[in-house]
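Let's look at how the helices pack here and where empty space is left between them. Have the model open as you read.

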Amino acid sequence: MNALTAFSLWTQRNRWIWAAIGVLLLWLVLSIVTNRFSLSSLSGIILSASFLTIVGIGQMFVVTTGRGNIDLSVASVITLSAFVALLTIKGQDANLAIGGAAAILLGLAVGALNSLLVVVLGIPAIIATLATGYVLATATLLSNRAISGFSVSPALKYLASGRISGVPIMAVIAISGVAATSFVLRYTVFGQLLSAVGQNRTAARLAAIRTGPVIASAFIISSVLASLNGLLLGAYIGGAFLEMGQPYLLQSIAAVVLGGTLIFGGSATAVGTLFASILLILIVTTMQIIGLPPGAQDIVQGVVVIFVLALAGRQAMTRRAPVEPTDGDAAMSAGDRQS
């Protein structure tokens with residue numbers, strides 16, 4: 001086996017490396033061209049990417065369940081959660097626990113609704129979560145009318161935008177979440193069950209795996225993380241506004257796919273989601289430096305997602321066999337583990 005073949009096999013097992021290389025190359029290009037990028041600016045980019053990483057991890061769980069499952073309700077969950085947090089906390093640290101509980105309950109409720117529609121009623125995930133998003137959008141409009149002003153809890157504001165020794169607290173939270181998710185995917189029974197269901201749902205059932213609870217858990221995790229992200233994002237920007245979660249819909253899907261998670265399910269990498277989130281923020285930053293209008297930025301991001309999805313589909317057609325996971329990947333069949 002020559003070095004090129006060995007490297008090719010290694011990259012197949014560690015698909016996150018391409019997002020990491022993309023971050024490095026784009027960072028170097030921007031640093032050379034603009035002479036404006038430094039460690040402090042990188043810190044700001046990582047801070048923005050931290051919010052995307054949290055949503056991306058939740059989206060990754062849903063995508064891993066296979067059959068093209070995607071959670072399209074995350075944008076509405078983020079927005080509504082920000083409004084609910086403002087209405088509940090009212091800018092007082094004493095109400096922070098109540099606001100956090102409200103955000104978690106919102107995520108649990110939305111996740112349970114999505115699970116009911118997808119698992120019990122058999123509605124395709126894209127349609128079910130899109131419909132849920134429309135319902136939440138109406139609730140957001142009502143919340144917008146009920147709120148009279150913006151007041152953010154100082155403790156929550158510090159958590160969302162503060163720094164420890166120059167490192168954003170949100171970055172620490174996001175990286176800790178990535179590490180925990182990697183452990184879950186790699187070393188826990190749930191991670192193996194999730195992978196087995198995503199690879200082949202029929203085979204998983206034959207292996208006596210209850211696929212319904214596994215899929216439902218993925219949707220609940222996605223909604224809870226999106227809701228917590230809305231809580232923190234509202235504190236970071238100092239308020240809430242309609243459609244504030246909309247950018248995270250396309251970007252969360254892009255972060256999952258660019259990071260190396262298989263769009264057809266069965267294999268996920270949390271580390272790749274982190275690097276892809278940073279890469280996407282760098283791409284947006286580059287477009288802002290160039291001066292592209294917001295509409296053109298959306299077009300560019302859409303083209304990137306389409307290109308990566310097309311590439312992923314082509315690879316799936318040419319390589320049917322799953323790849324042994326490393327570093328956060330979850331590609332081993334739970335049925336094999338139990339045999």
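In this predicted model, helix H4 (residues 74-89) and helix H5 (residues 96-120) have axes that come within 9 Å and cross at roughly 150°. Angles over 145 degrees count as roughly antiparallel, so H4 is roughly antiparallel to H5. The crossing of these two helices is right-handed. On the H4 side, the contact is made by Val77, Leu80, Ser81, Val84, Thr88 and Ile89. H5 answers with Leu96, Ile98, Gly99, Ala102, Ala103, Leu106 and Val110. Sort the residues of the H4 and H5 contact by class and you get ten nonpolar, three polar and no charged.

Now jump along the chain to H12 and H13. Their axes are 7 Å apart, and the helices pack at an angle of about 125°. That angle makes H12 oblique to H13. H12 passes H13 in a right-handed crossing. H12 brings Gln251, Ala254, Ala255, Val256 and Leu258 to the contact, while H13 brings Gly272, Thr273, Ala276, Ser277, Leu280 and Val284. By class, the contact of H12 with H13 comes to seven nonpolar, four polar and no charged residues.

So much for the packing; what about the gaps? Rolling a probe the size of a water molecule over the atoms shows where empty space is left. Here is how three of the spaces line up.

| Space | Volume | Lining by class |
|---|---|---|
| Second largest pocket | about 630 Å³ | 13 nonpolar, eight polar, one charged |
| Largest cavity | about 70 Å³ | eight nonpolar, five polar, no charged |
| Second largest cavity | about 30 Å³ | seven nonpolar, two polar, no charged |

Take the pocket to begin with. How many residues line the second largest pocket? There are 22 of them, and Pro247, Tyr248, Gln251, Ile281 and Val284 lie nearest its centre. The elements giving two or more residues to this lining are helix H3 (39-64), helix H11 (211-237), helix H12 (247-258), helix H13 (270-290) and helix H14 (294-318). Two residues from the H12 and H13 contact turn up again here: Gln251 and Val284 belong to that contact, and they are also among the residues nearest the centre of the pocket.

Then the enclosed spaces. The structure holds two cavities of 30 Å³ or more. The largest cavity is lined by 13 residues, with Ala85, Leu86, Ile89, Val152 and Leu156 nearest its centre. H4 and H11 are the elements that give two or more residues to the lining of the largest cavity. Ile89 is worth finding on screen: it is one of the H4 residues in the contact with H5, and it is listed among those nearest the centre of the largest cavity.

Which residues line the second largest cavity? They are Ile46, Ala49, Ser50, Thr53, Ala171, Ala174, Ile175, Leu274 and Ile278. H3, helix H8 (169-187) and H13 are the elements that give two or more residues to this lining. H3 gives the most, with four residues.

Finally, a few helices keep coming back. H3 and H13 each give two or more residues to the lining of the second largest pocket, and they do so again for the second largest cavity. H11 gives two or more residues to the lining of the second largest pocket and also to that of the largest cavity.

Conventions
Residues are numbered from 1 along each chain as its sequence is written. This is a predicted model: local features need pLDDT of at least 70, side-chain atom pairs count only at pLDDT 80 or more; totals for chains, interfaces and linings use all residues. Side-chain values use heavy atoms; hydrogens and water are left out. On a 1 Å grid over the protein atoms alone, a cavity is a set of points where a 1.4 Å probe fits but cannot get out, and a pocket is an open set with protein on both sides within 12 Å along at least five of seven lines; lining residues have an atom within 4 Å of a point. Grid points are joined across faces, edges and corners, and a volume is the space filled by probe spheres set on the points. Ala, Val, Leu, Ile, Met, Phe, Trp, Tyr, Cys and Pro count as nonpolar, Asp, Glu, Lys and Arg as charged, and the others, Gly among them, as polar. Axes are lines fitted to C-alpha atoms, for helices over the stretch in contact, and angles run from 0 to 180 degrees between N-to-C directions. Angles under 35 degrees count as roughly parallel, over 145 as roughly antiparallel, 65 to 115 as roughly perpendicular and the rest as oblique. A crossing is left-handed if the near helix is turned anticlockwise from the far one by less than a right angle, and right-handed if clockwise. Contact means heavy atoms within 4.5 Å.
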